[in-house]
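Please work through the exercises below with the sequence and the model side by side. Each task is followed by a solution that goes step by step.

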Amino acid sequence: MRKLRFNVSHISAGVIAVIVAYTSSIILVIHALTAMGLTQWQVNSWLFALGLIMGITTIAYSFYFKVPVLTAWSTPGAAFLITAVQGYSTTDLIGAFIVCGLLTFITGLIRPLSVALQRIPSPITSALLCGVILPICLSGFTQIETHPIMFLLLFSVYIVTKRYIARYSMLLTLLASLGIALYSNTLNTTAINLAMPTFYWLSPSFQFQSIINIAIPLYLITMLSQNIAGFAVLRNFQFKAPVRPVFLGTGLVNMIAAPCGIFTINLAAIIAAICMNDDIDGQHNDRYKAAICAGGFYVLMGIWASIVVTIFVSLPDGLADILAGLALLSTLISCLFNAFSTDEYRESAILTLLITLSGIHLLGISAAIWGVGVGLCHFKLMQSTKPVLIAGR
């Protein structure tokens, strides 16, 4: 059996991928978990479970298929949960997460379903994501009225680092925010607990409303913005994407581990590319080792969850909102471009965006579902009513 050897570039790429993943989205996940009504020690437990599961699945998939498969939580899914969980009990939300995992598992079983999802026009799904992300970005930028100095400091750091060292812009912005917290004496370092978190199991309950308004939108957002994008990245780097095993495996893990805090588990997209480029390894077939290193670092981040949460919950008022808004800025730009760059989709996309932003709950169905439904129906109607041009006339 061939011995598994790692070089420095494998390790550094894996570490950078996880650092980028955490610094760009951890604040959103903590926002989402606290919005569910979880206490700090429960958030510690859930982040421990997320880190452990992401690490194990990343290592298992990458080692077995010899392909750099990185799993992750759904950042757009976390953004969706921040505003969507109001009015639902934590047990109902756990039930919704299990159903979301079941839908992913079924997608792996039924090939036409995964094909149908891939045929949903990307401008409409991008408009849906815009509707989810835009309120969070706006919340960050409105902090200039209440915390002008703090906002201008962080915004300046973000812009300057984005110009010169874009890959580390969110990491350096995060470090600047920690400096602000230390200067304001809000960072309670004495409360940091170095003990490993413990698993917190919460029994699920299943309610029709939470399944319709939480499980289905979370499934669609995760599938369209994370999984399909993740497979596209793999194919772009000439790796064979194990589509069916990923859907089956992540869906099953999501169902089993949801009571411990796994709200979604899916393919990583953008950060996965860090472990796939030519700089990692001249041997194309050896780049999966960088993903294995990333999986190991995921596990470490889970073990350090107590430290991570203690730091973030002690940030000054408004700072977390600013970080979340800046972290999603690039995603928002990408979604807006994709949603409105093609003439034939623009009207359908704007309807999807406006309905999602409206926050309506008509007939007990959330705005996200109405937005996608209306956008798809409008596009199909417009396509069917286009005049047919007859050759020679």
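A salt bridge is a side-chain nitrogen of Lys or Arg within 4 Å of a carboxyl oxygen of Asp or Glu. The structure examined here is a predicted model, and every value below is computed from it.

**Exercise 1. Salt bridges**

Task: Find how many salt bridges the whole structure holds, and describe for each the partners and their exposure.

Solution. Begin with the general idea that side chains of opposite charge can pair when their charged atoms come close. A search of the whole structure then gives two salt bridges.

Take Asp 343 and Arg 346, whose closest N and O atoms are 2.6 Å apart, within the limit of 4 Å, so that this pair counts as a salt bridge. Asp 343 has a relative accessibility of 59% and therefore counts as exposed, while Arg 346, with a relative accessible area of 37%, is partly exposed.

Next take Asp 286 and Lys 289, whose side chains meet in a salt bridge with an N to O distance of 4.0 Å. In this pair Asp 286 is buried, and Lys 289 is buried as well.

**Exercise 2. The overall form of the chain**

Task: Decide whether the radius of gyration of the protein chain agrees or disagrees with that of a compact globule, and collect the values that describe the chain as a whole.

Solution. For 393 residues, a compact globule would have a radius of gyration near 21 Å, and because the protein chain has 21 Å, the two agree. Along the principal axes, the C-alpha atoms fill a box of roughly 75 × 60 × 50 Å.

Turning to the elements, the protein chain contains 17 helices and two strands. Of its 393 residues, 54% are buried, and the chain exposes about 17800 Å², of which carbon and sulfur atoms supply 67%.

Finally, consider the contacts with a separation of 6 or more, of which 82% are between residues 24 or more positions apart.

**Exercise 3. Two buried residues in helices**

Task: For Phe 97 and then for Ser 348, name the helix and list the contacts beyond the neighbours in sequence.

Solution. Phe 97 belongs to helix α4, which covers residues 90-109. Its relative accessible area is 0%, and since buried means under 20%, Phe 97 is buried. Leaving aside neighbours within four places in sequence, Phe 97 is in contact with residues including Met 36, Trp 46, Leu 81, Ile 214 and Phe 263. The C-alpha atom of Phe 97 is also separated by 10.0 Å from that of Phe 206, which stands 109 residues away along the chain.

Ser 348 lies in helix α16, made of residues 346-358, and is likewise buried, with a relative accessible area of 1%. Not counting residues up to four places away in sequence, Ser 348 touches Ile 124, Gly 375, His 378 and Phe 379.

**Exercise 4. Residues in loops**

Task: Locate Lys 66 and Tyr 168 between their neighbouring elements, and state what the phi of Lys 66 is.

Solution. Lys 66 is found in the loop between α2 (40-65) and β1 (71-72). Most residues other than glycine have a negative phi. For Lys 66, however, phi is near 55°, a positive value in a residue other than glycine. Lys 66 is partly exposed, its relative accessible area being 36%.

Tyr 168 sits in the loop between α8 (148-164) and α9 (169-183), and with a relative accessible area of 33% it is partly exposed. Tyr 168 and Ile 19 are 149 residues apart in sequence, yet their C-alpha atoms are 9.2 Å apart in space.

**Exercise 5. A surface patch and the cysteines**

Task: State which residues form a nonpolar patch on the surface, and how many disulfides a search finds.

Solution. The nonpolar patch is formed by Leu 4, Phe 6, Ile 11, Ile 59 and Phe 63, which together have about 380 Å² of accessible area. Ile 11 lies in helix α1 (residues 8-35) and counts as partly exposed, at 42% relative accessibility.

For the cysteines, a search of the whole structure finds zero disulfides. Cys 260 is in no disulfide, and the nearest cysteine sulfur, that of Cys 100, is 17 Å away. At 13% relative accessibility, Cys 260 counts as buried, and Cys 130 counts as buried at 1%.

Technical notes:
Residues are numbered from 1 along each chain as its sequence is written. This is a predicted model: local features need pLDDT of at least 70, side-chain atom pairs count only at pLDDT 80 or more; totals for chains, interfaces and linings use all residues. Side-chain values use heavy atoms; hydrogens and water are left out. Patches are made of residues with over 30% relative accessible area and no salt bridge: like charges are joined within 9 Å, nonpolar side chains (Val, Leu, Ile, Met, Phe, Trp, Tyr) within 5 Å. Accessible areas come from the Shrake-Rupley method with a 1.4 Å probe; for residues, only the protein chains shown count as cover. Helices (H or I, at least four residues) and strands (E, at least two) are DSSP runs, numbered from the N terminus. Buried means under 20% relative accessible area, exposed over 50%, partly exposed in between (1.4 Å probe, protein chains only). The radius of gyration is taken over C-alpha atoms; the globule rule is 2.2 Å times the number of residues to the power 0.38. Contact means heavy atoms within 4.5 Å. A disulfide is a pair of cysteine sulfur atoms within 2.5 Å.
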